[in-house]
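Reader: I have this model open at my bench and would like a friendly tour. Could we go through it with a few questions?

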Amino acid sequence: MKKDLQWKPQKGPQLTAIASRAVPELFFGGARGGGKTDFLLGDFLQETYLGGAWRGILFRRTYGELEEVQNRAQQLFAPLGAVYKASDRTWRFQGGSVLKLRYLERAADAARYQGHQYTWIGWDELTNWPDDVAYKMLMACLRSAHGIKHKRIRASGNPGGAGHQWVKRRFIDPAPAGYQLLQDELSRHPRIFIPSSVRDNAILTENDPDYVERLKDVGSKELVRAWLEGDWNIIMGAFFDRWSSKMVIKPRALPSHWTRFRAFDWGSARPFSVGWWAVSDGELEGLPKNALVRYREWYGSNGNPNVGLKMDAESVARGILAKEAKDETIHYSVADPAIFAKDGGPSIGERMAREGVRFKPADNRSRVGGWDQMRQRMVGEDGVPMLYCFDTCIDSIRTIPSLQHDESRPEDLDTSAEDHAADEWRYALMSRPYLRPKAAVKADGLLQLPTLDEMWAQQQRVTVHRI
């Protein structure tokens, strides 16, 4: 970096990340207060001496979030003589380098940048994007007609958010401790994860020594742990915060006389989800009476987060039958009512029925009611869940615990995330409505009344079976 630059990276992860110029793709962060935005802006500054050949673009998902980046950029860039043009949200440096600040709300918006050329692309809070579509699309814009050597992509983020799963899979899962060079399976280009925590940000902790203690007062122990330590196995702001490891069990033989049924959520470009469920009669230890057990699943993904197999309805139906035992009795099947819609020809439901897989419409009148059913069964009775899944149901286990609240409708989940398995679970549970005990007398003799959610579910129970 040039000597006249006023910003300097802090010792530790931030300095390591800044020094990794030769790595084309880097993800920095994992905790609140780790100096992530400073890292992005400082990393861009390193090559501004290249003049007009050094062109960058930095993304946030919303305009409001972008304003936060601009405030910090003003503090770092203006003393260096850089000028900000608000009309096109672009910083222009004295030697001719430019950095555009942009927000990109939907993956489709990335198409506007096709044909652009950038030597530096930044993503602030990468986990805010629900999938990797825009991220990968913008990779094609990383190029230079001037032969710039260290073209690169830099991103920051925390655990949680709609994109938690795809970011975790791309950067964290292969090397959870970070600092290990990974190689992309297709491009063969290297990438790396550099973890940071609030304790690595000495400037913040010195100037605001109470910051860590304040964080400890704003959420559960798990939430604070995710914020302070960047623990990617703790899901910050999870919609299903009652998900428990107790629910995930080893596969075991289930009695053939138990009621079994299927649930289905259609998808083509996006994944479909098929679940096979059994209703416990209480005879097996550890599975209480009327508990639901998910003993098999088929998730129609090509292995990339939120990308489907693009199979036709007939092929999916034949695949469902192929996965079932010859002597297996399926008592009924439910699916999203949308598969029965006709659009100039036989519906998806009709086409699957012709192959021998018949569904009836699931109760889809209230998404919130379905989520309440899931929560009630997760909580169960006396600490014992009424909902279980075999540990072979890997995509349910991967996606459901990390789903987030919809910011504009907190009682619903964020549908931009990978929610296909969750929708299918909802259809299944709405076909077998469950209500926790309405009232119980505590040891102190006081009456414990049902919650509003429980009373709502009790009212819904009257109509759920009218399919």
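Reader: In what order do the 9 strands of the open sheet run?

Author: Happy to help, and please keep in mind that this is a predicted model. The sheet is open and its pairing is mixed. Reading across its 9 strands, the order is S3-S4-S5-S2-S6-S7-S1-S9-S8.

Reader: Which strands stand at the edges of that sheet?

Author: A strand at the edge has a single partner strand, so one side of it is left without a neighbour in the sheet. For one of these strands, the pairing is antiparallel, with S8 joined to S9 (residues 190-195) over 2 bridges. Within that pair, Gln 183 is opposite Pro 190 of S9. The edge strands are S3 (83-85) and S8.

Reader: Which element gives the most residues to the lining of the second largest pocket?

Author: This pocket holds about 750 Å³ of space. Its lining has 27 residues, and the closest to the centre are Glu 25, Arg 170, Asp 184, Glu 185 and Arg 191. At least two lining residues come from each of helix H4 (133-139), helix H5 (164-172) and strand S8 (182-183). The top contributor, with 3 residues, is H5.

Reader: How many residues of that lining are charged?

Author: The lining divides into three classes. Nonpolar residues number 10 and polar ones 6. The charged residues number 11.

Reader: Is Ser 402 buried or exposed?

Author: Ser 402 sits in the loop between helix H12 (394-399) and strand S17 (405-406). Its side chain makes a polar contact with the side chain of Gln 165, at 3.2 Å. The relative accessibility of Ser 402 is 7%, and the cut-off is under 20%. Ser 402 therefore counts as buried.

Key. Residues are numbered from 1 along each chain as its sequence is written. This is a predicted model: local features need pLDDT of at least 70, side-chain atom pairs count only at pLDDT 80 or more; totals for chains, interfaces and linings use all residues. Side-chain values use heavy atoms; hydrogens and water are left out. Helices (H or I, at least four residues) and strands (E, at least two) are DSSP runs, numbered from the N terminus. Buried means under 20% relative accessible area, exposed over 50%, partly exposed in between (1.4 Å probe, protein chains only). A polar contact is a pair of N or O atoms within 3.5 Å; within protein, one must be able to donate a hydrogen and the other to accept it, and residues adjacent in sequence count only if both atoms are side-chain atoms. On a 1 Å grid over the protein atoms alone, a cavity is a set of points where a 1.4 Å probe fits but cannot get out, and a pocket is an open set with protein on both sides within 12 Å along at least five of seven lines; lining residues have an atom within 4 Å of a point. Grid points are joined across faces, edges and corners, and a volume is the space filled by probe spheres set on the points. Ala, Val, Leu, Ile, Met, Phe, Trp, Tyr, Cys and Pro count as nonpolar, Asp, Glu, Lys and Arg as charged, and the others, Gly among them, as polar. Two strands pair if DSSP finds at least two bridges between them.
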